[in-house]
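User: Please take a close look at one part of this protein for me: the place where its two domains meet. I would also like the salt bridges and a few single residues set in context.

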Amino acid sequence: MNPRSPRSRRGASLALLAIAGLTGAALTGCAPGSAAPVAQNDVEVSTELTTDPVQLTIADETGFPVTDKLTEEFTKQHPNVTFTINRDTFQNLTANAPKLLASSTPPDLIRLPTLGDTVRDGLVANLDPYFDAYGWSAWPASQLAPLRMNDQGVRGSGSLYQLGLGYSITGIYMNTTLASRLGIDSPPQTLAELEADMAKAKAAGILPIMAGDKDGVVNFVVQAAMNQYVDKDQFLSWMFNEPGARYDEPGNVEGAELVRKWADAGYFPSDINAIDYFTFTSRFSAGEGLFTFNGNWEAANYQKALGSNVEFFLVPPAEAGANHVAMGAANSFSVAAKSPHINEIVYFLNWVHTDPTARQIIVDVTGASPGGDPAEALPTVQPGSLIENALKMSAQIGAEDGQVDFMANTTAGIYAGSIIPESQLLVTSQITGQDFVDRVQKFYESEVGTK
């Protein structure tokens with residue numbers, strides 16, 4: 001591979017103020033009207049926290065410690081409220097959420113990456129009354145739009161059914177020790193430069209991409225590639241289940257085929273389908289792999305493991321100078337409609353967005369934007385840290401209008417039922433990019449129909 005001239009580093013002058021609430025696409029959420037629905041279970045909406053002892057239960061995914069830190073701090077401030085956190089893998093939690101919410105003892109709050117049929121089935125609380133009571137109209141509409149659903153089951157508008165515990169952005173982490181050994185002095189600015197760097201690594205006996213797909217997380221790579229070719233708004237229309245939107249678009253095929261090409265070239269671990277999320281993050285933290293595709297929630301962990309020998313940057317576009325596109329979303333949670341403590345758990349959610357210590361926890365633990373009212377004071381971050389860079393990346397994606405949701409959030413069953421098994425075949429070169437998108441589209445239609 002011919003050496004190329006040093007690349008200029010991406011500017012880092014974007015104001016951090018811009019990151020507050022930058023999540024979702026350029027969609028305008030419909031604020032609740034004057035005739036907002038009543039709260040579930042005939043609960044009288046209150047923004048005052050009870051002084052009675054309350055035990056709240058949260059169902060969360062494994063590897064998401066921010067809920068531990070937030071609940072510890074909340075109990076410290078409000079000793080009458082204690083929490084139990086039950087954890088399961090992302091795919092199990094996604095698949096089992098409807099059953100958990102429908103049970104006689106549902107969790108008060110549940111990590112719910114996609115609403116699916118939970119709104120239609122009356123399983124999650126409509127938060128419109130609290131939107132009014134707490135004054136969430138001061139929050140950016142684009143922050144809340146992906147957390148809304150209308151009467152036709154289309155996300156992006158309608159009533160509010162979720163809030164986030166942090167608002168994420170994804171990109172690529174680079175081991176700069178390995179990069180320096182390969183003569184790579186800065187992040188790639190195009191997909192072609194990224195591929196050239198991976199080819200250098202492979203030729204030198206260094207793993208180009210640390211990734212795993214036992215639990216489907218190679219889709220950070222798959223969707224990152226697709227994002228650079230498919231029309232962003234078209235992709236979002238499909239993810240939001242808009243009538244007529246399709247997954248089998250040429251851009252998605254091109255992105256999936258690029259990933260298959262990387263698999264053919266040996267850019268992934270040979271045992272990729274035996275590697276789960278914890279293992280691939282641990283192996284990159286231990287120094288294995290030039291690149292890894294992941295989100296800002298790992299910034300603090302990678303910084304702790306690799307110190308100054310790691311960089312975090314946005315996935316480069318296919319064409320030089322083009323705007324960036326990146327997955328990002330609220331770390332979305334819903335309140336169970338059958339919860340006996342709706343007022344208390346919504347008070348907690350509002351506190352996460354407004355309390356200075358809680359907002360600092362979100363940034364320190366996840367590297368994500370805390371969201372909420374942009375007028376709120378921003379948490380402090382260490383200058384030059386990966387978390388500081390992650391916040392700047394969020395600002396840049398917001399300025400470029402380049403954020404899209406995760407395709408795994410499209411329907412309740414699509415991640416475990418189609419994306420995981422098909423990606424396992426894709427990254428081992430057993431199917432083509434066209435096969436991949438055709439199969440995912442077919443599964444999608446089995447869940448939502450062709451509309």
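Analyst: What follows starts at the domain contact and then moves out to salt bridges and single residues.

This is a predicted model. The domain assignment gives two domains, each built from separate stretches of chain. Domain 1 takes 54-168 + 329-388. Domain 2 takes 169-328 + 402-448. Their centres, taken over C-alpha atoms, are 26 Å apart. Domain 1 brings 22 residues to the contact, and domain 2 brings 29.

How much area is buried between domain 1 and domain 2? The figure is about 2,000 Å². Carbon and sulfur atoms give 59% of that area. On the side of domain 1, three residues stand out: Arg155, Ser168 and Leu386. Together they supply 35% of the area that domain 1 buries against domain 2, more than any other three residues.

Now the polar side of the interface. Between the two domains there are 7 residue pairs in polar contact, counting pairs with both residues at pLDDT 80 or more. Three helices each supply at least two residues of the side of domain 1 that touches domain 2: H2 (90-102), H13 (356-366) and H14 (386-399). That side divides into 10 nonpolar, 10 polar and 2 charged residues.

The interface of domain 1 and domain 2 holds 1 salt bridge. Side chains of opposite charge can pair when their charged atoms come close. Arg155 forms a salt bridge with Asp405, with the closest N and O atoms 2.9 Å apart. Arg155 sits in the loop between strand E4 (148-149) and strand E5 (159-160). Asp405 sits in the loop between E12 and H15. The two are 250 residues apart, so the pair links distant parts of the chain. Both Arg155 and Asp405 are buried.

The loop that holds Asp405 has another residue worth a stop. Gly413 is found in the loop between strand E12 (403-404) and helix H15 (414-426). Leaving aside neighbours within four places in sequence, Gly413 is in contact with Ser418, Phe443 and Glu447. Trp297 is 116 residues from Gly413 in sequence, and their C-alpha atoms are 24 Å apart in space.

Next, the salt bridges beyond the interface. The count comes to 17 salt bridges. One of them joins Arg111 and Glu61, with the closest N and O atoms at 2.8 Å. Arg111 is in strand E3 (residues 109-111), Glu61 in strand E1. They lie 50 residues apart, and the pair links distant parts of the chain. Arg111 and Glu61 are both buried.

Another salt bridge pairs Glu195 with Lys261. Here the closest N and O atoms are 3.3 Å apart. Glu195 lies in helix H6 (residues 191-203) and Lys261 in helix H9 (residues 250-264), so this pair ties together parts 66 residues apart in sequence. Is each partner buried or partly exposed? Glu195 is buried because its relative accessible area, 18%, falls under the 20% cut-off. Lys261 has 45% relative accessibility and counts as partly exposed, because that value falls between 20% and 50%.

There is also a network of salt bridges, which links Asp60, Asp68 and Arg87. Two of these residues, Asp60 and Arg87, also touch Thr67. Thr67 lies in helix H1 (residues 66-77). With a relative accessible area of 0%, Thr67 is buried. Its side chain makes a polar contact of 2.8 Å with the side chain of Arg87. A polar atom of the Thr67 side chain also lies 3.2 Å from the backbone oxygen of Phe64. Not counting residues up to four places away in sequence, Thr67 touches Asp60, Ile85, Arg87, Leu165 and Phe333.

Arg87 has a further neighbour in Thr62. Thr62 is found in the loop between strand E1 (54-61) and H1. At 41% relative accessibility, Thr62 counts as partly exposed. Leaving aside neighbours within four places in sequence, Thr62 is in contact with Arg87, Asp88 and Thr89. Asn86 is 24 residues from Thr62 in sequence, and the C-alpha atoms of the two are 9.0 Å apart.

To draw the threads together: Arg155 belongs to the three residues that lead the area domain 1 buries against domain 2, and Arg155 also forms a salt bridge with Asp405. Arg87 takes part in the salt-bridge network with Asp60 and Asp68, and its side chain also meets that of Thr67 in a polar contact.

Terms used:
Residues are numbered from 1 along each chain as its sequence is written. This is a predicted model: local features need pLDDT of at least 70, side-chain atom pairs count only at pLDDT 80 or more; totals for chains, interfaces and linings use all residues. Side-chain values use heavy atoms; hydrogens and water are left out. Domain bounds come from an automatic or database domain assignment. Contact means heavy atoms within 4.5 Å. Buried area is the accessible area (1.4 Å probe) that two parts lose on being put together, summed over both. A salt bridge is a side-chain nitrogen of Lys or Arg within 4 Å of a carboxyl oxygen of Asp or Glu. A polar contact is a pair of N or O atoms within 3.5 Å; within protein, one must be able to donate a hydrogen and the other to accept it, and residues adjacent in sequence count only if both atoms are side-chain atoms. Helices (H or I, at least four residues) and strands (E, at least two) are DSSP runs, numbered from the N terminus. Ala, Val, Leu, Ile, Met, Phe, Trp, Tyr, Cys and Pro count as nonpolar, Asp, Glu, Lys and Arg as charged, and the others, Gly among them, as polar. Buried means under 20% relative accessible area, exposed over 50%, partly exposed in between (1.4 Å probe, protein chains only).
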